[in-house]
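Work through the exercises below with the sequence and the model side by side. Try each task before reading its solution.

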Amino acid sequence: MDTKSMNLLMRVGAAAAVLSLAACASPEKTPATAAVAVSHNAVENAVSAGAPELAPAEINAARDKMMRANQALAAKDYKTARELAIQAQADAKLAQSKANSAKASAAADALNEDLRVLRQEVDRANSDQH
């Protein structure tokens, strides 16, 4: 099993453990705990997509809200924890989308440059034949 698969399996296991522990808790705590776990995974996915370099403001906002959600959860302020976790997840998804978009734009720019060079070579080869 490769490292990426093992990492995913460990995250899924951790999320399952959190959710099963949450099932034993109060009805208010369960949604908050689940939301925090989901936001944590969303931040990890954004980081893996390159958000720290390509969308630093968004990933920092997501990390900040996730940290505050964890603090609210520890303080048993489940409503605030859930709200912050949902916001952190949205910020993380935005960061991931921006990172993916920046990578796609860079790839498109590189392809366009390669095409420009190729056209120049073809034009030069055609002009040499005349």
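Helices (H or I, at least four residues) and strands (E, at least two) are DSSP runs, numbered from the N terminus. The model is predicted, so local features need pLDDT of at least 70, side-chain atom pairs count only at pLDDT 80 or more, and totals for chains, interfaces and linings use all residues. Residues are numbered from 1 along each chain as its sequence is written, and side-chain values use heavy atoms, with hydrogens and water left out.

**Exercise 1. The overall fold**

Task: State how many helices and strands the protein has, and describe its burial, contacts and surface.

Solution.
- Step 1. Count the elements: five helices and zero strands. From the N terminus on, the order is α-α-α-α-α.
- Step 2. Check burial. Buried means under 20% relative accessible area, exposed over 50%, and partly exposed in between (1.4 Å probe, protein chains only). Of the 130 residues, 26% are buried.
- Step 3. Look at the contacts (heavy atoms within 4.5 Å). Take those between residues at least 6 apart in sequence: 65% of them join residues at least 24 apart.
- Step 4. Take the surface, by the Shrake-Rupley method with a 1.4 Å probe; for residues, only the protein chains shown count as cover. The accessible surface is about 8,500 Å², and carbon and sulfur atoms hold 59% of it.

**Exercise 2. Two helix lengths**

Task: Compare the spans of α2 and α5 with the expected values.

Solution.
- Step 1. The expected span is 1.5 Å times one less than the number of residues.
- Step 2. Helix α2 covers residues 29-48, 20 residues in all. Its first and last C-alpha atoms lie 29 Å apart, close to the expected 28 Å.
- Step 3. Helix α5 has 52 residues. Its C-alpha span is 76 Å, close to the 76 Å expected.

**Exercise 3. Three helix pairs**

Task: Give the angle, axis distance and handedness for α2 with α4, α4 with α5, and α2 with α5.

Solution.
- Step 1. Set the conventions. Axes are lines fitted to C-alpha atoms, for helices over the stretch in contact, and angles run from 0 to 180 degrees between N-to-C directions. Under 35 degrees is roughly parallel, over 145 roughly antiparallel, 65 to 115 roughly perpendicular, and the rest oblique. A crossing is left-handed if the near helix is turned anticlockwise from the far one by less than a right angle, and right-handed if clockwise.
- Step 2. α2 and α4 (residues 56-74) pack at about 155°, axes 10 Å apart. α2 is therefore roughly antiparallel to α4. Their crossing is left-handed. Val36, His40 and Val47 are among the α2 residues that meet α4, whose partners include Ile59, Met66 and Asn70.
- Step 3. α4 and α5 pack at about 160°, axes 8 Å apart. So α4 is roughly antiparallel to α5. This crossing is left-handed. The contact includes Glu58, Lys65 and Ala72 of α4, and Thr80, Leu84 and Lys98 of α5.
- Step 4. The axes of α2 and α5 come within 8 Å and cross at roughly 20°. α2 is therefore roughly parallel to α5. The crossing is left-handed. Among the contact residues are Pro31, Val38 and Asn45 of α2, and Arg82, Gln89 and Gln96 of α5.

**Exercise 4. Buried positions**

Task: Where is Ser39, and which residues does Ser39 touch?

Solution.
- Step 1. Ser39 sits in helix α2.
- Step 2. Its relative accessibility is 0%, so Ser39 counts as buried.
- Step 3. Leave out residues up to four places away in sequence: Ser39 touches Met66, Ala85, Ala88 and Gln89.
- Step 4. Repeat for Ala32, also placed in α2. Ala32 is buried, at 0% relative accessibility. With the same exclusion, Ala32 touches Leu73, Tyr78, Ala81 and Arg82.
- Step 5. Turn to α5, where the buried residues include Tyr78, Leu84, Asp91 and Ala99. Their cover includes α2, α3 (51-54) and α4.

**Exercise 5. Positive phi**

Task: Which phi values do Gly50 and Lys76 take?

Solution.
- Step 1. Recall that most residues other than glycine have a negative phi.
- Step 2. Gly50, just after α2, takes a positive phi of about 100°.
- Step 3. Lys76 is not a glycine, yet has a positive phi of about 65°.
- Step 4. Lys76 lies in the loop between α4 and α5 (78-129). Lys76 is exposed, with a relative accessible area of 62%.
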